[in-house]
Each structure stands twice: as structure tokens, then as C-alpha cells.
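Trainee: I am new to this structure. Please take me through one part of it closely.

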Amino acid sequence: MSAIQKNLVEKNEEYASKFTKGHLALPPAKAYLVLTCMDARIDPAAAFGIDLGDAHVIRNAGASAKDAQRSIIISEQLLGTKEILLVKHTGCDMLTFSNEDAHGLVKKNLGASAAAEIGTLNFLPFSDLEQAVRDDVEFIKKTETIPKDVTVSGWVYEVETGKVKQIV
Ligand SMILES: [Zn+2]
């Protein structure tokens, strides 16, 4: 067992020994979803006030609405969420590379077959953080896959201070 696996087992034993929330319903109690980045410095439950069972938290590289589209549809159509909080953050890795860079790394590190497998995959990097928030909120508002009565807002979380700032 790796050290990481051992940590999971030990910490989970501790967690499960005090666990009392086994009765929670499947649909999020507060009917909203948070879309944020996978960045290790973000603790959505603590930083955004999400109690267990209250909301869906969708995470991917850069908090991309396009990348999250499948999960957003499931959240809203099958599990009844009605509001979206989109939270990108300062110091995001998505600000540091281009599609060309990412494709170059795949080819160099993983080989030609891997490069062929991903084809022209868009890694969805961005160069302007606040504009990227506005663009993704725009995408959510425009796509036919998300109902027009869903409330959408866009935020930036500062990894340096722990504070959120509303952009739209
Ligand atoms: Zn990020």
C-alpha cells in the first residue's frame, strides 16, 4: 500500500468513526452547484460555506464551464439544482500555458500515439482571469443545455488571501 493509500485508510477510519450524516438525500438540499478549479489550494466546503449534502461541487482544470457541461446537465436535469456559482482563482495554472504547449508536452512525454489519441483537444487555457470568468458565465447563459431561469454568477477566489470577489 502506498503512503497515500495508507493515509486514506487511516484518515477515513477516523472520519467514519464520527460520521452521522448517512441519512442525507441524493439531490443537493440547497439546490445549487459550485463549479471551481481542481487547484489543491481551494477548499470549497470551508471557503464557500458548503455543508455536506447542500450543493454539487464540480471541479476541473480552470473551472471550465465547457468542460463541466456534462456534469452541469446531470446536476440540473436529474438532481434539480437551480443556481450556479462559477469560481475561478488567482494563480491558476491555466494562465501559464497555451494549447500548443500542452500538445507539445503530450507528444514529448507520452508519444505520438497519445498525441494522435487526443487529436486537436482544446485544453481550454486562458490569459485573462476576469475575462475568462465573464466568458464562462456567458457560455452558461447562452447554451441551450442550461435553462434560462438558472441563476448564474461568476467569482474569483484569491489563493493568497482566501477571499472571493464577485466578477459578474
Ligand atoms: Zn486553477
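Is His89 buried or exposed, and what is its relative accessible area?

Mentor: This is a predicted model, so every value here is computed from it. His89 is buried, because its relative accessible area is 0%, under the 20% cut-off. His89 lies in strand 3, which runs over residues 83-89. Now look at what surrounds His89. Setting aside neighbours within four places in sequence, His89 is in contact with Cys37, Asp39, Arg41, Ile42, Leu129, Val156, Tyr157 and Val159.

Two of those names, Cys37 and Asp39, appear again in the UniProt record. An unreviewed entry there gives a "binding site" at Cys37, Asp39, His89 and Cys92. These positions are spread over 56 residues of sequence, yet they cluster in space. The largest C-alpha distance is 8.7 Å.

Next, take Asp39. Asp39 sits in the loop between strand 1 and helix 2 (44-48). Asp39 is buried too, because its relative accessible area is 12%, again under 20%. Leaving out neighbours within four places in sequence, Asp39 is in contact with Arg59, His89 and Gly91. The contact between Asp39 and His89 thus links a loop residue with a residue of strand 3.

For contrast, turn to Leu24. Leu24 is in the loop between helix 1 (3-17) and strand 1 (32-37). Leu24 is partly exposed, because its relative accessible area is 35%, between the 20% and 50% cut-offs. Together with Tyr15, Phe19 and Leu52, Leu24 makes a nonpolar surface patch of about 380 Å².

Technical notes:
Residues are numbered from 1 along each chain as its sequence is written. This is a predicted model: local features need pLDDT of at least 70, side-chain atom pairs count only at pLDDT 80 or more; totals for chains, interfaces and linings use all residues. Side-chain values use heavy atoms; hydrogens and water are left out. Patches are made of residues with over 30% relative accessible area and no salt bridge: like charges are joined within 9 Å, nonpolar side chains (Val, Leu, Ile, Met, Phe, Trp, Tyr) within 5 Å. Accessible areas come from the Shrake-Rupley method with a 1.4 Å probe; for residues, only the protein chains shown count as cover. A salt bridge is a side-chain nitrogen of Lys or Arg within 4 Å of a carboxyl oxygen of Asp or Glu. Helices (H or I, at least four residues) and strands (E, at least two) are DSSP runs, numbered from the N terminus. Buried means under 20% relative accessible area, exposed over 50%, partly exposed in between (1.4 Å probe, protein chains only). UniProt positions are given in the numbering used here, feature names are shortened, and annotations may be inferred rather than shown by experiment. Contact means heavy atoms within 4.5 Å.
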